[in-house]
Every structure is written in C-alpha cells, then in structure tokens.
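This report covers strands, helices, salt bridges and selected residues of one chain. The structure comes before the text.

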Amino acid sequence: MTILKIPENGISRYRATFNPATGEHIQYVLTGRETAGSVTRFRWVDEPGGKIASHTHPGCSETFTILDGEAVLIVDGKEVTLQAGETAVVPPGAVHAEENRSGSLIHGVVELRPACKSAELHDALAGIGKELPHRDSGVPKNLLQLGATFWLFRDELRATDPPVWLQNLMLPPLAFCARIAGVQGMKPHWSSILPDDSPGCEPLFDESRFAYALVKGGYGHGLHHHGAPHPH
C-alpha cells in the first residue's frame, strides 16, 4: 500500500461533507491511504441538536476529543459529557451514541483505529443523507440501498436495531438484489477525496483557535504534525 505524504500547509486533500440526518460536518485529516490502514482521523463539527443513533464498530475503536462545545456520549447505556480538551475512547463492539444537547456547535477530532473502510463509510452515509430518502437515523428508506450500503460496511458499522442476527439474515439477500439492480453501496461521486490536480480545500475549522484543547487532548498544536500521539 502506498503511504501518501500528509500536507504540511494545513490544506486538506479531502472536501468537507455534511450529513443532515446526524448534523455532522466531517473533513478527513488522515485515512487508511496515508497511514497504511492504521487510523482514520477527521475534523468533526456537530450542529446543535445533532444526534448519532446507537451503533457499534465491530472492528475498530473510536476516540472522541472535544475542542469546543459539549458532547454527550452514551456508551453501553451510560452517559458521559465531554467538554473542551476531554477525550473518550469507545472500544470495538461497544454500543454507543452521541448527542449535541448544548444549543451550540461542537468542534472536535475523531479517530478510528484501525482505519478499515471508515472513511468510505462516512462518505456513503453523508451521500445518503444528502441525496436519498432516509429515516431520522440516516438509514436509507430504499431497501436495496440499505442492503448494498450496510452489508458493504458491516465490519465498520452495525446498527443496534434490528438485532445483528436478524441483519445477517436480511442484508445479504438485499445486497445480492442490489448488485443485480446496479445499486451501489458507495457511489463514486460521494467520495470526499479530491483529484490529484486539485489545489485542495481549506480546513473545516481554524485549528489555531483550539491550540490548548489540541495539546490537552494529546495532539500537539496542529493535526498535521507527524507522529502526533494518540490521545488517551
């Protein structure tokens, strides 16, 4: 696997996406392309009233570091309120959800380790939320799209309703029918990767505004620094 050079000037090689179902703005800093599959890291802005439905990541841990605002993280039924400079790690397989009850924007950094196909997953969910009829949780109403996307990313994300055993019965035949019908789980135009000849995008937010919280969270001042430690 080719390890790509990380830009040093703050310009991102990924465009920011927005998922109206969850209220999340996401812009990748690192994905498996740059890290040989070890980590996906993204800038994260959560709108007031934003809500990520209960789910699990079977194959990776998820780390939330809050730079500004207040996030409510629900892990295995227990609520934790995270404020600026605070970090929480959700282990693989733990049932969790997130809510923004504060009435203000949340700025943060999120990591998934290992990277798996987490970047592609979030791009697909943002694409569904923007373009296709979906439920309040962001799940597509079209059953073929449901099967195509959620079976493709079954190792990265599992909903908690219906139970996983039932998903394992329902999703494979739906995914099979989706392939026959030409329904793609991840449409190419949903990808946030910029073309090689693109000048790049400005960061989703000005990291210098959150220098203290970045340092407190274990990143150092700036997310592009090589060797930035994983927050604990």
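Helices (H or I, at least four residues) and strands (E, at least two) are DSSP runs, numbered from the N terminus. Residues are numbered from 1 along each chain as its sequence is written, and side-chain values use heavy atoms, with hydrogens and water left out. The model is predicted: local features need pLDDT of at least 70, side-chain atom pairs count only at pLDDT 80 or more, and totals for chains, interfaces and linings use all residues.

**Sheet**

Six strands make up an open sheet, ordered E1-E2-E3-E10-E5-E8, with antiparallel pairing. Two strands pair if DSSP finds at least two bridges between them. Strand E1 (17–19) and strand E8 (87–90) are the edge strands, each pairing on one side only. On average, neighbouring strands of this sheet are turned by 25° against each other, direction ignored.

Within the sheet, strand E2 (residues 24–30) and strand E3 (residues 40–46) run antiparallel and are joined by six bridges. Glutamate 24 has aspartate 46 in E3 as its bridge partner.

Helix H2 (residues 118–131) lies across E1, E2, E3 and strand E10 (106–113), and runs at about 60° to E1. Axes here are lines fitted to C-alpha atoms, for helices over the stretch in contact, and angles run from 0 to 180 degrees between N-to-C directions.

**Helix pair**

Two packed helices are described by the angle between their axes and the distance between the axes. For helix H3 (residues 143–152) and helix H4 (residues 164–181), the axes come within 7 Å and cross at roughly 110°. H3 is therefore roughly perpendicular to H4; angles under 35 degrees count as roughly parallel, over 145 as roughly antiparallel, 65 to 115 as roughly perpendicular and the rest as oblique.

On the H3 side, the residues in contact (heavy atoms within 4.5 Å) are Leu143, Leu144, Leu146, Gly147, Ala148, Phe150 and Trp151. They meet Asn168, Leu171, Pro172, Leu174, Ala175, Cys177, Ala178 and Ala181 in H4. Sorted by class, the contact of H3 with H4 has 13 nonpolar, two polar and no charged residues. In this sorting, Ala, Val, Leu, Ile, Met, Phe, Trp, Tyr, Cys and Pro count as nonpolar, Asp, Glu, Lys and Arg as charged, and the others, Gly among them, as polar.

**Salt bridges**

How many salt bridges does a search of the whole structure find? The search finds six, where a salt bridge is a side-chain nitrogen of Lys or Arg within 4 Å of a carboxyl oxygen of Asp or Glu. The table gives three of the pairs, including their N to O distances.

| Acid | Base | N to O distance |
|---|---|---|
| Glutamate 34 | Arginine 33 | 3.9 Å |
| Glutamate 207 | Arginine 43 | 2.7 Å |
| Glutamate 99 | Arginine 101 | 2.7 Å |

The salt bridge between glutamate 207 and arginine 43 links distant parts of the chain: glutamate 207 is in the loop between H4 and helix H5 (211–217), while arginine 43 is in strand E3, 164 residues apart. Glutamate 207 is buried at 11% relative accessible area, and arginine 43 is buried at 0%. Buried means under 20% relative accessible area, exposed over 50%, and partly exposed in between (1.4 Å probe, protein chains only).

Glutamate 34 is also buried, with a relative accessible area of 9%, whereas arginine 33 is partly exposed at 31%. Arginine 101 is partly exposed at 46%. Salt bridges also link Arg41, Glu111 and Arg113 in a network.

**Selected residues**

Glutamine 27 is in strand E2 and is buried, at 1% relative accessibility. Leaving aside neighbours within four places in sequence, glutamine 27 is in contact with Ser12, Tyr14, Arg15, Ala16, Phe42, Arg43, Cys201, Glu202, Pro203 and Leu204. Glutamine 27 and glycine 77 are 50 residues apart in sequence and 28 Å apart in space, C-alpha to C-alpha.

Histidine 107 lies in strand E10. Is histidine 107 buried or exposed? At 9% relative accessibility, histidine 107 counts as buried. Not counting residues up to four places away in sequence, histidine 107 touches Trp44, Val45, Thr65, Ile66, Leu67, Asp68, Phe205, Arg209 and Phe210.

Glycine 200 is in the loop between H4 and H5 and is partly exposed, at 24% relative accessibility. Its contacts, leaving aside neighbours within four places in sequence, are Ile11, Ser12, Arg13 and Leu194. Between glycine 200 and arginine 158 there are 32 Å in space, C-alpha to C-alpha, and the two are 42 residues apart in sequence.
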